[in-house]
Amino acid sequence: MDAPVKALALTAAAVEFLHLAPAAVRLPPLRRTLARRTAGHGTDPGHLALTFDDGPDPRSTPYILDALDELDARATFFLLGAMLDRAPGLGRELVRRGHEVAVHGWHHRQQWYPAPARDLRELRRTRDAVTELCGARPLWYRPPYGVLTAGPALAAHRLGLRSVLWTAWGRDWTAEATGATVYATARPGLTGGATLLLHDSDCTSAPGSWRAALAALPAIAAHCRSHGLTLGPLRDHAVPLRKPLAPAPDGP
């Protein structure tokens with residue numbers, strides 16, 4: 001290999017390395033230490049963040065919403081722009097029922113190769129669609145498959161979105177998943193400050209798999225109640241700021 005070709009290959013390899021470097025946040029040591037906030041660890045030990053990916057889906061999301069109403073629980077929904085574009089009324093319904101809406105990208109595809117212009121364009125398009133169609137400005141971005149690469153991460157930051165993954169999941173996207181298996185898989189991670197990943201659509205999962213997430217919700221809510229945890233959206237995932245106590249009055 002001659003020098004120019006070798007230099008080009010090394011440059012391409014370096015660019016790809018830098019692009020993929022943020023994906024290391026999925027490694028457990030980084031999740032527990034340097035990248036706790038991006039991994040989904042909250043600062044409120046009495047709160048567990050409930051999140052759903054891949055909707056809104058008219059075939060399944062309404063069932064999830066009704067179940068959450070029955071459980072008096074709220075969640076954060078990471079929306080795909082293409083799905084929201086087909087069901088804008090459902091996006092508004094999410095907000096009307098008190099849920100938080102966030103960005104999952106326009107399409108659910110892997111971001112293995114650098115494409116910064118495309119990443120910025122698609123995330124801006126999704127953010128604007130969520131803001132306009134749902135009537136609420138999103139605060140969060142979660143990459144498809146949980147693979148956070150440099151292009152989308154930088155685009156999200158530029159658009160005022162905070163990237164966040166999850167600390168617990170139920171593997172509810174598989175054909176074998178049931179309510180019982182989703183709860184059993186998620187249960188060890190259902191602790192204060194955790195972020196739970198579920199799906200309200202099977203558009204990128206096994207057909208009908210959303211029913212497993214739906215069936216697991218009562219057990220998840222019961223677990224939270226028995227452990228003194230509040231099940232809610234990511235916006236409530238931090239300890240609320242408290243006003244300092246007023247100084248005591250001077251004595252006589």
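In this predicted model, Asp54 is tucked away from solvent, and it counts as buried because its relative accessible area is just 1%. The residue belongs to strand S1, and its backbone is a bit of an oddity: phi is positive, at about 85 degrees, although Asp54 is not a glycine. Right after that comes another backbone feature, a cis peptide bond running from Gly55 to Pro56, with omega near 0 degrees. Strand S1 spans 47-55, and Pro56 sits in the loop that leads from there to helix H4 (61-71).

Asp54 is not the only non-glycine residue with a positive phi, since Tyr145 has one of about 65 degrees. Tyr145 is placed in a loop, namely the one between strand S4 (140-141) and helix H8 (150-158). Here the setting is partly exposed, because the relative accessible area comes to 40%, whereas Asp54 at 1% is buried.

Back around Asp54, the residue to look at is Ser201. Its place is the loop between strand S7 (195-199) and helix H10 (210-226), and with a relative accessible area of 1% it is buried too. Setting aside residues up to four places away in sequence, Ser201 touches a run of residues that includes Asp53, Asp54, Gly55 and Asp57, along with Arg59, Ser60, Met83 and Trp210. Two polar contacts pin down where its side chain points. One goes to the side chain of Asp57, at 2.8 Å; another reaches the backbone nitrogen of Cys203 at 3.1 Å.

A neighbouring theme is Thr61, which lies in helix H4. It counts as buried, since its relative accessibility is 0%. Its side chain and that of Asp200 share a polar contact of 2.7 Å. Beyond four places in sequence, Thr61 touches Asp200 as well as Pro56, Phe77, Leu90 and Leu94, so the proline of the cis bond turns up here again. Thr61 and Trp210 are 149 residues apart along the chain, yet their C-alpha atoms are separated by 8.8 Å.As for the cysteines, the structure holds zero disulfides. Cys203, whose backbone nitrogen is reached by the Ser201 side chain, is partly exposed because its relative accessible area is 33%. Cys134, on the other hand, is buried, with a value of 5%.

Turning to the strands, S2 (residues 76-79) and S3 run parallel and are joined by four bridges. Leu79 stands opposite Val103 of S3 in this pairing. In a regular strand, side chains alternate between the two faces of the sheet. Strand S3 (residues 100-103) is covered on both faces: Glu100 and Ala102 are buried on one side, and Val101 and Val103 are buried on the other.

The largest nonpolar core holds 50 residues, and the members that touch the most others are Leu50, Phe52, Leu68, Phe77, Leu196 and Leu198. H10 supplies the largest share of this core, with seven residues. There is also a second, separate core of six residues, with Phe78, Trp140, Val164 and Leu234 among them. Going back to Leu198, its contacts beyond four places in sequence take in Leu50, Thr51, Phe52 and Asp53, then Asp172 and Val182, and finally Ala213, Leu217 and Ile220.

On the aromatic side, the count comes to four pairs. Phe52 and Phe77 are stacked, because their ring centres are 5.0 Å apart and their planes meet at 15 degrees, under the 30-degree cut-off. This pair ties together distant parts of the chain, with Phe52 in strand S1 and Phe77 in strand S2, 25 residues apart. Phe52 is buried at 0% relative accessibility, and Phe77 is buried at 0% as well. Trp169 and Trp173 pair edge-to-face, since their planes stand at 70 degrees, with the ring centres 5.1 Å apart. Trp169 counts as partly exposed at 29% relative accessibility, and Trp173 is partly exposed at 23%. Together with Trp166, these two tryptophans form one aromatic cluster.

Definitions and conventions: Residues are numbered from 1 along each chain as its sequence is written. This is a predicted model: local features need pLDDT of at least 70, side-chain atom pairs count only at pLDDT 80 or more; totals for chains, interfaces and linings use all residues. Side-chain values use heavy atoms; hydrogens and water are left out. Helices (H or I, at least four residues) and strands (E, at least two) are DSSP runs, numbered from the N terminus. Buried means under 20% relative accessible area, exposed over 50%, partly exposed in between (1.4 Å probe, protein chains only). A polar contact is a pair of N or O atoms within 3.5 Å; within protein, one must be able to donate a hydrogen and the other to accept it, and residues adjacent in sequence count only if both atoms are side-chain atoms. Contact means heavy atoms within 4.5 Å. A disulfide is a pair of cysteine sulfur atoms within 2.5 Å. Two strands pair if DSSP finds at least two bridges between them. A nonpolar core is a set of buried Ala, Val, Leu, Ile, Met, Phe, Trp, Tyr and Cys residues joined through side-chain atoms within 4.5 Å. Rings of Phe, Tyr and Trp (its six-membered ring) pair if their centres lie within 6.5 Å; planes under 30 degrees apart count as stacked, over 60 as edge-to-face and the rest as tilted.
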